[in-house]
Amino acid sequence: MDLSLRRPVQQISAQDGDLHRQAERLRAAGPLVPVELPGGLAAWVVTSDALGRRLLTDRRFVKDVNTWHAWQRGEVPADWPLRPVVDTPRSLITVDGAEHRRLRAPLARALTPARVAALREPVEAIVAHRLDALAAAARQAPDGTVDYRTLFAFPVPMEVLGLLLGIPSEWYGKLRVLFDDFFSEAVDAERKLAAVLGIRELIAELIARRRAEPGDDLVSALLTAAADEPYTDEELIGTLLVLIGAGHETTVHLLVHGLRALLHHPGQRALLAARPALWPAAVEELLRYDAPVATFFARYAAEDARIGDADVRRGDPLLLNYLAMGRDPDRYGDDAASFDATRCPVGGHTSFDHGPHSCPGAQLARLEAVTALPALLARFPGIHLAVPDDALERFPSLMLNGRIDVPVRLGDR
């Protein structure tokens with residue numbers, strides 16, 4: 001019997017105007033909630049942080065999309081808007097066990113803590129350059145209004161990735177459009193396919209360039225690190241798709257939500273100005289409080305499982321709602337919906353996933369945020385939104401928690 005027929009279900013959609021309100025509704029329905037996805041597809045959504053962590057290390061739930069019963073039966077339409085985020089090239093995020101360790105190991109050997117630490121000064125330089133560009137754009141704008149997302153929150157992580165991976169700077173604008181279309185649920189099937197193909201073509205070209213002319217970049221390091229047990233071309237494309245897509249997209253939203261949260265909490269902003277050593281903790285709190293990823297296709301049941309009072313059947317998809325988990329009062333207390341830079345919960349948050357599949361680029365995202373946000377607020381202490389916060393248009397995605405445009409003014413105008 002289809003999951004959607006076994007229990008009353010909640011409908012979830014990117015069209016919901018407030019994903020946090022949707023997350024609260026789901027959490028109120030229970031720790032594991034049956035839902036209907038766009039297109040009428042059934043799934044389970046995890047809203048409890050403790051349960052999410054347990055299931056992320058439960059071997060009964062796997063990453064292989066071919067386990068999904070609706071996928072096996074051909075019930076997922078070719079133009080389903082979420083298809084590109086579940087039907088990705090084979091990579092470390094699509095496999096488990098020994099295969100996952102095989103695909104993750106070269107990345108771990110290439111993306112070392114030392115390589116990330118060595119990026120500190122280049123990240124600082126990129127941030128300073130983007131702050132100059134933001135100021136110059138504001139001077140040229142008639143009323144001083146500039147788009148923070150376009151001019152700062154996007155280019156900082158993209159330029160860092162460009163430096164890390166050796167991506168030509170002339171590709172940055174193209175990659176922004178392609179990934180916006182890749183993740184958006186508002187574009188038509190033709191445009192979505194064009195985005196998928198366009199991203200693959202650029203990644204394939206990047207790989208070809210690094211094979212022909214190796215350099216001091218992560219792609220060249222990956223090719224070297226995997227020499228003894230090489231990736232297939234499809235696995236390398238899949239790995240770089242994950243690195244580029246997740247590596248910039250989540251940081252864009254972290255920088256946007258970070259600014260919004262601190263503008264809404266002037267007391268916390270003053271605290272950070274007085275105690276700058278709290279910034280690393282504040283970034284962790286931002287990731288918990290307003291996770292960049294809202295809902296993620298995490299696992300598929302490889303066998304029947306009884307989870308609390310829910311009967312999860314083999315082939316059922318399992319989604320994590322990071323927004324619900326991040327504000328779970330059972331995990332973070334009755335004030336879980338408030339922002340507190342001093343919170344520092346034992347065990348941290350789950351916004352970078354948990355267990356073997358935890359995000360390999362988490363330290364880089366932290367470095368970018370802990371560099372960019374303090375510098376932004378120090379340079380422009382009068383920065384403020386040019387429109388009410390609730391007027392910011394939400395990015396049309398069930399998966400990503402983001403905004404399309406973020407108009408700001410840098411001073412009192």
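Contact means that heavy atoms lie within 4.5 Å. Keep that cut-off in mind as you work through this predicted model.

**Exercise 1.** Find out which residues W68 touches, leaving aside those up to four places away in sequence.

*Solution.* Start at W68 and apply the cut-off. W68 touches L41, A42, V76, W80, V86, F297, Y300, G315 and P317. Next, look at the wider setting. The largest nonpolar core has 135 residues, and W68 is one of the three that touch the most other members, along with L37 and Y148. Helix α14 (residues 233–264) gives the most to this core, with 13 residues.

**Exercise 2.** Work out which side chains of strand β9 share a face, and decide whether the two faces are covered or open.

*Solution.* Begin with a rule: in a regular strand the side chains alternate between the two faces of the sheet. Now apply the rule to β9, residues 317–321. P317, L319 and N321 lie on one side, with L318 and L320 on the other. Both faces are covered, since each of these residues is buried.

**Exercise 3.** Name the strands that pair with β9 and give the sense of each pairing.

*Solution.* Take β3 (residues 42–46) to begin with: three bridges join β3 to β9, and the two run parallel. Here W44 has L318 as its bridge partner. Then turn to β6 (residues 295–301), which pairs with β9 over five bridges in the antiparallel sense. In this pairing, F297 stands opposite L319.

**Exercise 4.** Identify the edge strands of the open sheet β5-β11-β10.

*Solution.* Check how each strand pairs. β5 (145–147) and β10 (384–385) each pair on one side only, so these are the edge strands.

Methods: Residues numbered from 1 in each chain as written. Predicted model: local features only at pLDDT ≥ 70, side-chain atom pairs only at ≥ 80, totals over all residues. Heavy atoms only, no water. Core = buried A, V, L, I, M, F, W, Y, C linked by side-chain atoms within 4.5 Å. Buried < 20%, exposed > 50% of the residue type's maximum accessible area, 1.4 Å probe, protein only. Helix = DSSP H or I, 4+ residues; strand = E, 2+ residues; numbered from the N terminus.
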